[in-house]
Amino acid sequence: QLADGLDAHHRLSEESQQRALETLSRFGQRLRHLPADRLRIVGTNTLRQARNGAEFVARAEAVLGHKVEIVSGQEEARLIYLGVAHSVADVPGQRLVIDIGGGSTELIIEPLHLASLRMGCVSASRAFFADGRIDEKRLQEADLLVNLRLEPVREEYRLHGWQVATGASGSIKAIHDVLIS
């Protein structure tokens with residue numbers, strides 16, 4: 001939820017940083033004793049965008065006791081795919097992995113097709129539904145944005161194809177919960 005603290009000037013609010021640092025502090029208690037060469041801690045889209053990201057990373061490293069690496073969107077997508085591939089059943093055919101984060105969405109078909117798109121649940125909610133109102137016009141505008149952001153990769157992904165789709169995020173789990181309720 002760090003993306004929720006990104007303001008219009010691409011600065012992380014102190015409140016969002018504190019919330020994240022409290023969470024990271026709890027992780028740090030468990031990670032501090034692990035050898036650095038056996039651990040990789042990464043920052044993703046929000047830290048790529050945040051003008052004060054380096055300041056936050058320094059604070060995060062202090063509470064974690066380890067270095068934090070800000071990765072590219074492509075590397076983020078690759079890591080997501082690897083995590084999913086190791087945590088779900090092996091199935092024949094191509095797998096499409098989708099991760100809808102706070103500020104970006106990653107689409108991966110095998111590690112050959114990696115896309116990190118600048119759209120996420122927090123950024124879309126802020127752009128179209130900041131006051132909590134959802135109506136047909138706003139939904140159409142949000143749909144248009146999603147389609148525009150998907151346009152550069154849509155045809156490549158359709159041509160490549162996939163047999164199984166796997167979601168890998170809190171947003172996907174929330175969508176699942178809504179659909180089965």
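What share of the contacts in the chain with a separation of 6 or more comes from residues 24 or more positions apart? The figure is 66%. The legends below walk through this predicted model, beginning with the whole chain and moving on to single residues.

**Figure 1. The whole chain, with its seven helices and six strands.** Reading from the N terminus, the elements follow the order α-β-α-α-β-α-β-β-β-α-α-β-α. The chain's radius of gyration is 18 Å, close to the 16 Å that the globule rule gives for 181 residues, so the chain is as compact as a globular protein of that length. Along the principal axes, the C-alpha trace spans about 45 × 45 × 35 Å. Buried residues make up 35% of the 181 in the chain.

**Figure 2. The surface of the chain and its charges.** About 11,200 Å² of the chain is exposed, and 56% of that area is supplied by carbon and sulfur atoms. If you pick out the charged side chains, you will find 22 positive and 24 negative ones. The centres of these two sets lie 4 Å apart.

**Figure 3. Helix α5 and its buried face.** Helix α5 covers residues 121–129, and V122, F128 and F129 are buried in it. Viewed down the axis of α5, the buried residues fall within an arc of 155°, so they line one face of the helix. As a reminder, an α-helix has 3.6 residues a turn, so residues three or four places apart point the same way. What do the buried residues of α5 pack against? Their partner is α6, residues 136–160.

**Figure 4. A closer look at V122 in helix α5.** The relative accessible area of V122 is 9%, and the residue is buried. Once residues up to four places away in sequence are set aside, V122 touches Q1, A3 and D4, and also G101 and G102. L112 makes a useful landmark for this view: V122 and L112 are 10 residues apart in sequence, yet their C-alpha atoms are 28 Å apart in space.

**Figure 5. G5, in the segment before α1.** Is G5 buried or exposed? With a relative accessible area of 7%, G5 is buried. Leaving aside neighbours within four places in sequence, its contacts are R11, L12, S13, S16 and R126. R158 is 153 residues from G5 along the chain, and 35 Å separates the two C-alpha atoms.

**Figure 6. H10, a residue with positive phi in the segment before α1.** The phi angle of H10 is near 60°, a positive value in a residue other than glycine. H10 is partly exposed, and its relative accessible area is 29%. Helix α1, which this segment precedes, covers residues 14–31.

**Figure 7. E14 in helix α1.** E14 has 41% relative accessibility and counts as partly exposed. How far apart in space are E14 and F56, C-alpha to C-alpha? They are 9.4 Å apart, with their positions 42 residues apart in sequence.

**Figure 8. Q94, in the loop between α4 and β3.** The loop joins α4 (73–87) to β3 (95–100). Q94 counts as partly exposed, at 25% relative accessibility. Which residues does Q94 contact, leaving aside its neighbours within four places in sequence? They are I109 and E110, along with the run H160, G161, W162, Q163 and V164. For orientation, S116 is 22 residues from Q94 in sequence, and the C-alpha atoms of the pair are 19 Å apart.

**Figure 9. S104, in the loop between β3 and β4.** The strand β4 covers residues 105–109. S104 counts as buried, at 2% relative accessibility; the cut-off for buried is under 20% relative accessible area. Neighbours within four places in sequence aside, S104 is in contact with N45, R48, E76 and D99, and also with S116, L117, M119 and G120.

How values were computed:
Residues numbered from 1 in each chain as written. Predicted model: local features only at pLDDT ≥ 70, side-chain atom pairs only at ≥ 80, totals over all residues. Heavy atoms only, no water. Helix = DSSP H or I, 4+ residues; strand = E, 2+ residues; numbered from the N terminus. Rg over C-alpha atoms; globule rule 2.2 N^0.38 Å. Buried < 20%, exposed > 50% of the residue type's maximum accessible area, 1.4 Å probe, protein only. Contact = heavy atoms within 4.5 Å. Areas by Shrake-Rupley, 256 points an atom, 1.4 Å probe, with all protein chains shown as cover. Lys, Arg positive; Asp, Glu negative; His and termini not counted. Charge placed at Lys NZ, Arg CZ, Asp CG, Glu CD. Arc of directions from axis to C-beta.
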